[in-house]
Each structure stands twice: as structure tokens, then as C-alpha cells.
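Reader: I have just opened this model and would like to be led through it step by step. Could you take my questions in turn?

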Amino acid sequence: MAGQGTPATALLVKRGVAHRTHPYRVSPDAPNYGALVAVALGVAPERVFKSLVTEVDGALTVAVVPVTGELDLKALAAAVGGKRAALADRTVAERATGYVRGGISPLGQRKRLPTVLDDSASDFPTIYVSAGRRGLQLELAAADLVALTDARTAPLQAR
């Protein structure tokens, strides 16, 4: 399983971006899934980020936030110049990204969506995001994630 590539890992290899993959075992139905991933990886949970597909004024947008926090939908909308944001329907998110819930990566999506990364990512030399499959995380520099996704950075966590 860990040896198989994903569109996200293929993109990183193609672009020559430094990264590491980290397999883990956590049930996708477990409560506090993201926090359990951090424990399984042995890293601070603030460094593990989840990719949430949202709709901002009807347009799909990806918010990448720490697993320890909650997404502030108003802050996300403001970050992209919108008025209203809501989490996208699971089926819509999976269809647009080509990934399944619990394995949605901000990289290598079927349809490249506008992306906003929580500004706390810059606090760390590297961060962890889904590699595009449940059970596999990518570790890379936040600046590389921003460059590859043309992401904006903004404070996105509910305070």
C-alpha cells in the first residue's frame, strides 16, 4: 500500500519537490481522525493539516487547516473575496478532487481548485497533508505547497 503512488506524489516527483511519505494506520471512521493521525505519525498535531472542500459563493475552494482547529467559514470567504462559505457535499468534493474523504489532498486534484492555506503553516519547517489516500501523509515545506497549488495564506482557524 505505502509503495503505490498517487496523483499528489506523482506531481511532487515530476516537479522535483522535496517531500517524504509517511504511512499510518487509523480507522477512517474514528472520531478525531486527524488527531489520531498525528499520534500515529508521532508529530505535533498542529503540523498535520486537513484539506476541506468548501463552496464559497457557489465556487468550490479548498481550505487547508490544522487538524487541531476548526475552519472559520467567514474567514475563508473573506480570504477569497466571497461572502458565504459552507462545507461542500462529500460526493461533490470527491468527484471534483478525485480523492475519497479522509484522503483528499490539496495536490494532484482531478480539477485544480482554488486553495487557501492557514497561515499557521509557516510556523513549521514542514507540514503534513494527505498524500491522496487514506493511510498516507506527505511531509513538505509549506512554501512548496503554496507554490504548487497557487494557494493564498490567511488565518482560517476559528478563534
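Reader: Is L107 buried or exposed?

Author: This is a predicted model, in which local features need pLDDT of at least 70, side-chain atom pairs count only at pLDDT 80 or more, and totals for chains, interfaces and linings use all residues. Residues are numbered from 1 along each chain as its sequence is written, and side-chain values use heavy atoms, with hydrogens and water left out. L107 is found in the loop between helix 4 (90–97) and strand 5 (115–118), where helices (H or I, at least four residues) and strands (E, at least two) are DSSP runs numbered from the N terminus. Because its relative accessibility is 0%, and buried means under 20% relative accessible area, exposed over 50% and partly exposed in between (1.4 Å probe, protein chains only), L107 counts as buried.

Reader: Which residues does L107 touch, not counting those up to four places away in sequence?

Author: Contact here means heavy atoms within 4.5 Å. With residues up to four places away in sequence not counted, L107 touches A8, L11, L12, Y99, L138, L140, L145, L148 and T149.

Reader: Why do the buried residues of helix 1 line one face of the helix?

Author: In helix 1, residues 7–15, the residues A8, T9, L11 and L12 are buried. Seen down the helix axis, the buried residues fall within an arc of 155 degrees (taken from the directions from the axis to the C-beta atoms), so they line one face of helix 1. On the other side, V13 and K14 are exposed, whereas the buried residues pack against strand 1 (20–23), strand 6 (127–133), strand 7 (136–140) and helix 5 (142–149).

Reader: What angle does the direction of helix 1 make with that of strand 7?

Author: Three strands form an open sheet in the order 1-7-6, with antiparallel pairing, where two strands pair if DSSP finds at least two bridges between them. The edge strands of this sheet are strand 1 and strand 6, each of which pairs on one side only. Axes are lines fitted to C-alpha atoms, for helices over the stretch in contact, and angles run from 0 to 180 degrees between N-to-C directions. Helix 1 packs on the sheet, touching strand 1, strand 6 and strand 7, and its direction makes with that of strand 7 an angle of about 25 degrees.

Reader: Which strands stand at the edges of the sheet with the order 4-2-3-5-8, each with a single partner strand?

Author: Five strands form this open sheet, and their pairing is mixed. One side of each edge strand is left without a neighbour in the sheet, because each has a single partner strand; the two are strand 4 (85–87) and strand 8 (152–154).

Reader: What is the bridge partner of V56 in strand 3?

Author: Strand 2 (residues 49–56) and strand 3 (residues 59–66) pair in the antiparallel sense over eight bridges. D57 lies in the loop between these strands, and its phi is near 50 degrees, a positive value in a residue other than glycine. In strand 3, the bridge partner of V56 is A59.

Reader: Where does the largest share of the lining of the largest pocket come from?

Author: The largest pocket has a volume of about 800 Å³, and among its 32 lining residues K50, S51, L52, R101 and G102 lie nearest its centre. On a 1 Å grid over the protein atoms alone, a pocket is an open set of points where a 1.4 Å probe fits, with protein on both sides within 12 Å along at least five of seven lines, and lining residues have an atom within 4 Å of a point. Grid points are joined across faces, edges and corners, and a volume is the space filled by probe spheres set on the points. The largest share of the lining, five residues, comes from strand 2.
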